[in-house]
Amino acid sequence: LNISVYIGSPTTKVPRLTPATETQHHLLKMAPQLELYDKSKSSYLLKFIGFLQTSFFTLSYLGIPFYLISGTFVFLQHGPMTSFPWLYNLPIIISMLLPRIHMPWFTGTILRPMLEFFEYDFIGETSDGEILDSIFSGKKKKVMFVCQPHGVLSFGGFCSKIAMPPKFYPMPTAVASSLLTTPILKHVIGMWNLTDASSKNLRKVFKRDGTAGCVVLYVGGIAELFRCSQTEERLYLSKRKGFIKIALREGVEIIPAYFFGNTSVLSVVTTGPIAALARKTGVTLTYFWGLWGLPLPRWGEKVMYVRGAPLGLPHIPEPTDEDIDKWHKVYCDEVRRIYEKYREKIPHYANKPLIID
């Protein structure tokens, strides 16, 4: 079996599958890869729709935390005995009462113009079939997709979720617990299928069956968000080793994923008391900007997702510090290799050095 998907221009062919087993063929029939856009058929209208959709997330991510803070001040100023503060805070109250809703039907169809806006490309050194075979075959090997960089918002992550085969829909993305409980924001971002990034919760996730037992993890977290830059690519990684320890203990495979463009779409204020508060709370309480100096995505910033090969982690129920350091170095080296190999496919990355803090 040899299947290819055309990504970008019609002349660029990226192989999606190596010669596959019958199991892989069966799994792919259950999880067809949705066709990515074709530049020759791309229209300005679709890009503009994608721009509006992306802007909804950027404006929500910036505005909702400040709306929540203002709601508290409204209550303090007017008191609970008048109707205005209750009306002003009604969306917050309703959101607090409602659970998060994962909406793959919405993200996988309605939001597809975002692929057009970002001219999204995907390069997979490991095919979907190989991953599904590992998860569903006799190996039953769960996978942790470790992603970098975080960016203000992971537009590469959004695009990959939009374009992924339906068989991967149950796979959650691990985030700070504060994002799961923040009213309104938990519904806006929660449509992408989120779970708590704590080690205790991740161990529970890995006990689930199929792709629901795998996870997407942004190891740099909120600290990496504040390293966004147009001139250099800074990853917060040197001290982040907990994900290696969990993977070794649980017998989970790690596949590195790199999102080129995540740090270029928006710039962020990295200093000041509000930025410090954001680091502590895990919610973006700072100003970020893009197009026209507004919290809108920059037009023409390409996003590319590169999925590396599995690291080949062993199962070590009680890993030593030496074990953790060894595999952490393997991961860091693989991230650097991916960056250096593919960065020239995004023009302005050719002169954008990678720095691992």
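Me: In this predicted model, what share of the contacts in the protein chain with a separation of 6 or more comes from residues 24 or more positions apart?

Reply: Residues that lie 24 or more positions apart account for 78% of those contacts, where contact means that heavy atoms come within 4.5 Å.

Me: Why is Thr107 called buried?

Reply: The relative accessible area of Thr107 is 4%, and the word buried is used for values under 20%, so Thr107 is counted as buried. In the protein chain as a whole, buried residues make up 55% of the 357 residues.

Me: Where does Thr107 lie, and with which residues is Thr107 in contact, leaving aside its neighbours within four places in sequence?

Reply: Thr107 belongs to helix α5, which covers residues 104–110, and, with those neighbours left aside, its contacts are Ile162, Met191 and Trp192.

Me: What makes the approach of the Thr107 side chain to the backbone oxygen of Pro104 a polar contact?

Reply: The side chain of Thr107 reaches that oxygen at 3.4 Å, and because the cut-off for a pair of N or O atoms is 3.5 Å, the distance falls within the limit.

Me: How many cavities of 30 Å³ or more does the structure hold, and which residues line the largest cavity?

Reply: The structure holds 1 such cavity, and the largest cavity contains about 40 Å³ of space. Its lining is formed by His102, Pro104, Thr107, Lys161, Met164, Tyr169 and Trp192, which divide by class into 4 nonpolar, 2 polar and 1 charged residues.

Terms used: Residues numbered from 1 in each chain as written. Predicted model: local features only at pLDDT ≥ 70, side-chain atom pairs only at ≥ 80, totals over all residues. Heavy atoms only, no water. Buried < 20%, exposed > 50% of the residue type's maximum accessible area, 1.4 Å probe, protein only. 1 Å grid on protein atoms, 1.4 Å probe; cavity = no way out; pocket = protein on both sides within 12 Å on 5 of 7 lines; lining within 4 Å. Points joined across faces, edges and corners; volume = space filled by probe spheres on them. Nonpolar A, V, L, I, M, F, W, Y, C, P; charged D, E, K, R; others polar. Helix = DSSP H or I, 4+ residues; strand = E, 2+ residues; numbered from the N terminus. Polar contact = N/O pair within 3.5 Å; in protein donor to acceptor, adjacent residues only side chain to side chain.
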